[in-house]
Amino acid sequence: RADAAPFPPAAGPGLRDYADDVAAARAQIGDDPILIGHSMGAAVIQKLMEDADSPNTVAFLAPIPLTGLLGPSLRLSLSDPFAYQALALAQAFGPQAASTDAFSRLFFADPAAAANAEDFRSESPRALIDLTWLDLPAPHRWKPAAAFVARGERDLCVSQTEAEGVADALDAPFVTLPGLGHAVMLEAEWRIAAQALLDWLETL
């Protein structure tokens, strides 16, 4: 999205721009597809949920807390300053500038998945500002018919309380994914997350 968008490199697309992309794809698909978002992707869907034509069925994996990125950033800087530094370096200069061990620990519980950290791409600075304070989700405007929230047991980015807060706002079931970190879909045991989603889908 950022590569094709008419934004200055230092700005990039905002959360609403990403949500508009999802809305366009949703319209092209037709019907009412189930939307699944991970981390910032969950926040993008949440922004879409503020619209009149809101999606009816959503699932969030490791969602950013409703209060934004400030709390998780402060917590990580105190609990694991090396991982926090690695994230800042990777965001500014790419993953090759960060400590491989510290950066991998931030996203993966299983060292076997650490190679996937090489595929990391910097997030849009504007979207990060939106998620810190400028354009936080508005849960009072959400109205999905069905929702699901899950978090990896060993997620360093999103705490159990923060993820449960998103589930509470949606009146949705919450599942802890045993042994997984933040990037649940890239872990060696990614099937744990896939099975949790499948189990929920079968209840619809």
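This note walks through some strands, aromatic pairs and charged side chains of the structure above.

1. **Before you start.** This is a predicted model, in which local features need pLDDT of at least 70, side-chain atom pairs count only at pLDDT 80 or more, and totals for chains, interfaces and linings use all residues. Residues are numbered from 1 along each chain as its sequence is written, and side-chain values use heavy atoms, with hydrogens and water left out.

2. **Strands β1 and β2.** A good place to begin is strand β1 (residues 35-38), which runs parallel to strand β2 (residues 57-61) and is joined to it by four bridges. Helices (H or I, at least four residues) and strands (E, at least two) are DSSP runs, numbered from the N terminus; two strands pair if DSSP finds at least two bridges between them. Along this pairing, glycine 37 has phenylalanine 60 of β2 as its bridge partner, and isoleucine 36 stands opposite alanine 59.

3. **The crossover.** Helix α2 (residues 40-48) completes a right-handed β-α-β unit with β1 and β2. Right-handed here means that, with the strands pointing away from the viewer, the path from the first strand over the helix to the second runs clockwise.

4. **β2 and its other partner.** Strand β2 also pairs with β3, again in the parallel sense, over five bridges. One of the contacts to look for is valine 58, whose bridge partner in β3 is alanine 147. How many of the residues of β2 are buried? Five of the five are, so the strand is largely enclosed by the rest of the structure. (Buried means under 20% relative accessible area, exposed over 50% and partly exposed in between, with a 1.4 Å probe and protein chains only.) Thr57, Ala59 and Leu61 point one way from β2, while Val58 and Phe60 point the other way.

5. **A tilted aromatic pair.** The structure holds four aromatic pairs. Rings of Phe, Tyr and Trp (its six-membered ring) pair if their centres lie within 6.5 Å; planes under 30 degrees apart count as stacked, over 60 as edge-to-face and the rest as tilted. Phenylalanine 107 and phenylalanine 120 make a tilted pair, because their ring centres are 6.1 Å apart and their planes stand at 40 degrees. Phenylalanine 107 sits in helix α5 (residues 100-107) and phenylalanine 120 in the loop between α5 and α6 (125-134), 13 residues apart. Both phenylalanine 107 and phenylalanine 120 are buried. Together with Phe103, they form one aromatic cluster.

6. **A stacked aromatic pair.** Phenylalanine 148 and tryptophan 200 are stacked, at 5.4 Å centre to centre with 25 degrees between the planes. Phenylalanine 148 belongs to strand β3 (residues 146-152) and tryptophan 200 to helix α8 (residues 191-201), so this pair ties together parts that are 52 residues apart in sequence. Phenylalanine 148 is buried at 2% relative accessibility, and tryptophan 200 is buried too, at 7%.

7. **Salt bridges.** The whole structure contains ten salt bridges, each a side-chain nitrogen of Lys or Arg within 4 Å of a carboxyl oxygen of Asp or Glu. One of them joins arginine 16 to aspartate 51, with the closest N and O atoms 3.0 Å apart. Arginine 16 is in helix α1 (residues 15-29) and aspartate 51 in the loop between α2 and β2, 35 residues apart. Arginine 16 is partly exposed at 26%, as is aspartate 51 at 25%. Arginine 26 and aspartate 32 form another salt bridge, with their closest N and O atoms 3.0 Å apart; arginine 26 is buried at 9%, whereas aspartate 32 is partly exposed at 28%.

8. **A salt-bridge network.** Lysine 47 and glutamate 50 meet in a salt bridge of 3.2 Å, N to O. Lysine 47 is buried at 2%, and glutamate 50 is buried at 8%. They are linked with Asp135 and Arg141 in a network of salt bridges.

9. **A buried glutamate to check.** Glutamate 187 lies in the loop between β4 (174-177) and α8. Which side chain of opposite charge is nearest to glutamate 187? That is arginine 154, 7.1 Å away, and glutamate 187 is buried yet has no salt bridge. (Lys and Arg count as positive and Asp and Glu as negative; His and the chain ends are not counted.) A polar atom of the glutamate 187 side chain does lie 2.7 Å from the backbone nitrogen of glycine 181.

Technical notes
A polar contact is a pair of N or O atoms within 3.5 Å; within protein, one must be able to donate a hydrogen and the other to accept it, and residues adjacent in sequence count only if both atoms are side-chain atoms.
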